[in-house]
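Hi,

Here is the structure I promised to pass on. Have a look at it first, and then read my notes below.

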Amino acid sequence: MTHIFLPTASCSCLLVMRRPERVADILREEISQIVGFELEDPRLTMVTVTDVKISDNLRDARVYVTVAGDEKEHQTALSALRHAAPYVRKQLGLSLNLPRTPEIHFVRDRIEEQGERVDHLLHEIEKESARKD
């Protein structure tokens, strides 16, 4: 069970982060545990929770996930996660001491895909430059 607490003068490390950011970090950890260990859906075996962005009013949380596999596996996993969102929210409400548990919205994290695309483009530029030399 994880508890949310307000920073004190003796805990200066938390003063740097705003409350929504602290809550988002805790949500990411908790949701990772729920998805990884509590959801027994075979479509979710290769899912990784990469980030959580929470609204300033703490009512909505976008949960970014990556899925190992092809496009069909991505879509299947996202569908399963969206179906499980009410359960995940309920579990969060039971384990966290928040005034209101945020609505959970699972979103595909495309940062790895974008990084791979940039790497591929840079490699192509290198090959083209080598051919010209």
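To start with something you can check on screen: which residue in β2 is the bridge partner of V47? The partner is V67. Keep in mind throughout that this is a predicted model.

That pair belongs to the contact between β1 and β2, which run antiparallel and are joined by 7 bridges. Further along the two strands, V49 sits opposite V65 of β2. On the other flank, β2 (residues 60–67) and β3 are parallel, with 6 bridges between them. Two pairs to look for there are V63 of β2 with its bridge partner F106 in β3, and V65 with R108 of β3 opposite. V65 is therefore a handy residue to centre on, because V49 faces it and R108 of β3 stands opposite it as well, while β2 as a whole is largely enclosed by the rest of the structure, with 6 of its 8 residues buried.

Taken together, the 3 strands make an open sheet in the order β1-β2-β3, with mixed pairing. β1 (47–54) and β3 are the edge strands and have a single partner strand each, so one side of each lacks a neighbour in the sheet. On average, neighbouring strands are turned by 30° against each other, ignoring direction. Helix α3 packs on this sheet and touches β1, β2 and β3, and its direction makes about 165° with that of β3.

Now the overall layout. The chain has 4 helices and 3 strands, and reading along the sequence gives α-α-β-β-α-β-α. There are 133 residues, and 35% of them count as buried. The accessible surface of the chain is about 8,900 Å², with 53% of that belonging to carbon and sulfur atoms. If you take the contacts between residues at least 6 apart in sequence, 60% of them join residues at least 24 apart.

β3 (residues 103–108) is worth a closer look. Its side chains alternate: I104, F106 and R108 point to one face and are buried, whereas E103, H105 and V107 point to the other and are not. Getting to β3 from β2, the chain passes through helix α3 (residues 71–95), and this β-α-β crossover is right-handed.

Then there is the core. In soluble globular proteins, nonpolar side chains tend to be buried together. Here the largest nonpolar core has 30 residues, and the members that touch the most others are L27, I31 and F106. At least two residues of this core come from each of α2 (19–38), β1, β2, α3 and β3, and α3 gives the most, with 8 residues. For L27, leaving aside residues up to four places away in sequence, the touching residues are V52, I54, A61, L92, L96 and P102.

Two single residues caught my eye as well.

What phi does L58 take in the hairpin of β1 and β2? The value is positive, near 65°, and the hairpin has 5 residues between its strands. L58 lies in the loop between β1 and β2 and has this positive phi although it is not a glycine. For context, most residues other than glycine have a negative phi. L58 is also buried, with a relative accessible area of 13%.

The other one is Q91 in helix α3. Buried or exposed, how does Q91 count? Q91 counts as buried because its relative accessibility is 19%, and the cut-off for buried is under 20%. Not counting residues up to four places away in sequence, Q91 touches I34 and E38.

If you only have a few minutes, I would go to F106: F106 is the bridge partner of V63, points to the buried face of β3 along with I104 and R108, and is among the core residues that touch the most other members. After that, take a look at L58 in its loop.

Tell me what you think once you have been through it.

Cheers

Key:
Residues numbered from 1 in each chain as written. Predicted model: local features only at pLDDT ≥ 70, side-chain atom pairs only at ≥ 80, totals over all residues. Heavy atoms only, no water. Buried < 20%, exposed > 50% of the residue type's maximum accessible area, 1.4 Å probe, protein only. Pairing = 2+ DSSP bridges. Right-handed = clockwise from strand over helix to strand, strands pointing away. Axes fitted to C-alpha atoms, helices over the stretch in contact; angles between N-to-C directions. Contact = heavy atoms within 4.5 Å. Areas by Shrake-Rupley, 256 points an atom, 1.4 Å probe, with all protein chains shown as cover. Core = buried A, V, L, I, M, F, W, Y, C linked by side-chain atoms within 4.5 Å.
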